[in-house]
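I opened this model today with a short list of things to look up. Here are my notes, in the order I made them.

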Amino acid sequence: MESYHQDRNFEEKRLNHTISIATEQLSAVRLRSQKNLAAIVAAKKELMDDTSHSISNLWSLDNFHQLVELSQYVNPVSHKIAQYEMESNRILLLEKMLESPYFARIDFKFDDTPGVRNVYIGLSSLKDDKSREMYVYDWRSPIASVFYRFGTGKVFYEAPKGKISGEVGLKRQYEIKQGRLEYFFDADVQIIDEFLRKLLSQNASPKMKTIVETIQREQDIIIRDMEMDLMMVQGVAGSGKTSVALHRVAYLMYQGLSTRLSHNDILVISPNTLFEQYISSVLPELGENNVNSTIFEEILRQVLPIKPMQSRNQFLEGLLSAADEGYRNLLKSSTRFKGSSQFIEILQRFIKDWPRRWLDFSDVYYNGRHIASRQLLKARILKANKASLLSVRLEQLEKHILELVHQERKRRIEKLERHVAAKPGHEFEVEAEARMLSIYESTALLKQIRRFTQPDHLELYRRLFSNKDYFYSLAKGIELPDDIEGILDFTRENLKKDYVHYDDALALAFLRLKTQGYTDYQGIKQVVIDEAQDYHPIHYAILNAMYPKARYTVVGDIDQTIGKQEDLSLYDQIAEIFAKKKSTLVTLEQSFRCTNEILTFSAQFLDPGFKVHNFRRKGEIPKVLTAPSRSALDRLIIAECMTCKEMGYRSIALISKTGRDATSLYERLQDKIDIKLITSGMAADLSGVFILPIYMAKGLEFDAVLICDVDKDHFNSEADKNLLYIASTRALHRLNLFYSGEISPLL
């Protein structure tokens, strides 16, 4: 006990001294920031007020000296703005440090070096400017990996100068809130597990939190990997896949100057807007702001100038709510085929066939002369460098035609002037009228030329399905699905509609990228893809075409697939498409989210060989509750919501199979309980009581989950097992299921 009091006294003094250093640095940074802001405002005012910098024709040679002079004003302002942004970021980190400067300590003795170093680990680093002593090490620093990967005893870590060996004599963790030391403990495996168990027993947050205090060894290995061009992670529900991917981004941004990534170099692709909002605070909490984040539909909209376009959520809603089993199976089959590597090969063959068969080359006439024949234009494209994009070859062809036209323009203008002069009443405007007629002619001619130099991708895609014999000729040697006839008919009818179906939008995006290329985001160096199992090979082919130089972190769970069946071969396909020199697949089999009882209940929906290791956190056994009527069932659901509130749960999710079911339930409950409906495309605060469909709940977690309408009509197929598994594993602490009528055979 005396030893504990001595340690407590030491730790409190150390904490107070650390906070005083942080406070002093915070005051200094704030003062510099204020001065910098004032300097920026003054410099901008000087730049605007000085009329000598109002330069017309800025890029002319005559004004080049003025441009140089202007840059001498602009560059310092840009530098000050960048410095101000860095200072603002440091202020935020120091403010967080005043709340809790560190969460762990290891006592490290380097081999062949006397003395022990106390290494305190926190969200960011802190060095005493006077003594130059490191008071807190960033969790991403090389030495911090020892905390995550080892207990006490002999250890090592990888540093820029090589492998560093030593010994850890103490491993300690802290709970510090609002600058006060709540408690600490010296960690062994049993105590660390108890600490993690306590953290996991807390309420869910409306937004995902960082996991720096509880990163597991296998997670840390993924986070700190610098070798792999393609890191794939297959993890069970609740294994921390998304957190690991985001912490990996933060780690990569922390690395040395030669490899460091800026926020403009990274792209995080989320499954939907709700999930994008849910994870939005993780990187800022880790000190990394303004990282690019998007959903796949936004990528499609960037590539395709087509409106309107079906979203993935709309596609899933149509699939899950389809009453006709035949239609549902055809929709699944069509999407699976059009997302496959087989269809990608057909599309590539189709592109090669465009100049020969599908581009509407036409004879070009100008000034009464035959400028170019369609046969020669086609031959020119067919003989051009095949390595070049088709759009580049067509652009060069258009330029060639316009050069031929230009050679005739002078004679054409003269002819038009004679024509205008011959008309009564135009003798004073001959030149102007002739030039106007020339513009009209040139516009019409350019429109004619661009029918084949700027082809309509949607129209060409329609032609792919307009002739079955042609389609089968392209597919020669390729294995096709048994219901290919139905898929071709289905697609042809869909392409007559006034919006583009999701699977066809993917194909169109692929065609556009492979014929026109895309350069807007070529600088992206790291792409993170979440919920990887829900994407098809064509998704990955699109990403590979858009970000060919990027490294990829791909995380998913094949048991949480919606709309298709998936297995581990998916990762082989991903590796084949990206074709990176170094790639690996890591499996995370331990779940930290659910209680043991919830995970055991959820496992019944998966194959008997399903492997998952639970963290052994105890809770209540999930119940399947029924009522004799719809109104009685609603009362039962309301009662459960009230019970959850009384238990102190802050996020209570009512999960329905479809958005239609969610809307119906909301309309029945909205006047009886404080509840909100979460619909596709919206961002929402995940607190209180809310209703959402299963496909929007993916990746999220809630204190309590109520799965509604688990009757025979809603859940009856093999595919529905995955839906029930996904819905069940959203619950941290409490899970119950509700139905009226006949219970689902899956239960």
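For these notes I call a residue buried under 20% relative accessible area, exposed over 50%, and partly exposed in between, with a 1.4 Å probe and protein chains only. Helices (H or I, at least four residues) and strands (E, at least two) are DSSP runs, numbered from the N terminus.

I noted the ground rules too: this is a predicted model, where local features need pLDDT of at least 70 and side-chain atom pairs count only at pLDDT 80 or more, while totals for chains, interfaces and linings use all residues. Residues are numbered from 1 along each chain as its sequence is written, and side-chain values use heavy atoms, with hydrogens and water left out.

**Entry: the whole chain**

I looked up the overall make-up and found 26 helices and 23 strands. The C-alpha atoms fill a box of roughly 115 × 75 × 55 Å along the principal axes. Of the 747 residues, 51% are buried. I also checked contacts (heavy atoms within 4.5 Å). Among those between residues at least 6 apart in sequence, 73% join residues at least 24 apart.

**Entry: helix α24**

Which residues of α24 are buried? In this helix, residues 659-669, I listed Gly659, Asp661, Ala662, Leu665 and Leu669. They lie on the same side of α24 because they cover an arc of only 155° around the axis, the arc being that of the directions from the helix axis to the C-beta atoms. I reminded myself that an α-helix has 3.6 residues a turn, so residues three or four places apart point the same way. On the face turned away from the buried side I found the exposed residues Arg660 and Glu667.

I then asked what the buried residues of α24 pack against. The partners are α10, α23 (630-646), β19 (651-656), β20 (676-677), β21 (688-693) and α25 (694-697). At the N-terminal end of α24, Thr658 is the cap, with a side-chain oxygen 3.4 Å from the backbone nitrogen of Arg660.

**Entry: α10 and the loop before it**

Since α10 turned up among those partners, I went there next. Arg312 sits in α10, residues 312-321. I had to look twice at this arginine: Arg312 is buried, with a relative accessible area of 10%. Outside its neighbours within four places in sequence, Arg312 is in contact with Glu297, Tyr502, Asp534 and Ile562.

Ile306 lies in the loop between α9 (296-303) and α10. I have Ile306 down as buried because its relative accessible area is 18%. Not counting residues up to four places away, Ile306 touches Val500 and Leu508.

**Entry: Leu397**

I found Leu397 in α14, residues 390-421. Leu397 counts as buried because its relative accessibility is 1%. Beyond residues up to four places away, Leu397 touches Phe361, Leu377, Arg380, Ile381 and Phe452. I also took one long distance: the C-alpha atoms of Leu397 and Asp128 are separated by 66 Å.

**Entry: helix α20**

Is α20 mostly covered or mostly exposed? Mostly covered: in this helix, residues 537-546, 8 of its 10 residues are buried. Among them I noted His539, Tyr540 and Met546.

Methods: A polar contact is a pair of N or O atoms within 3.5 Å; within protein, one must be able to donate a hydrogen and the other to accept it, and residues adjacent in sequence count only if both atoms are side-chain atoms.
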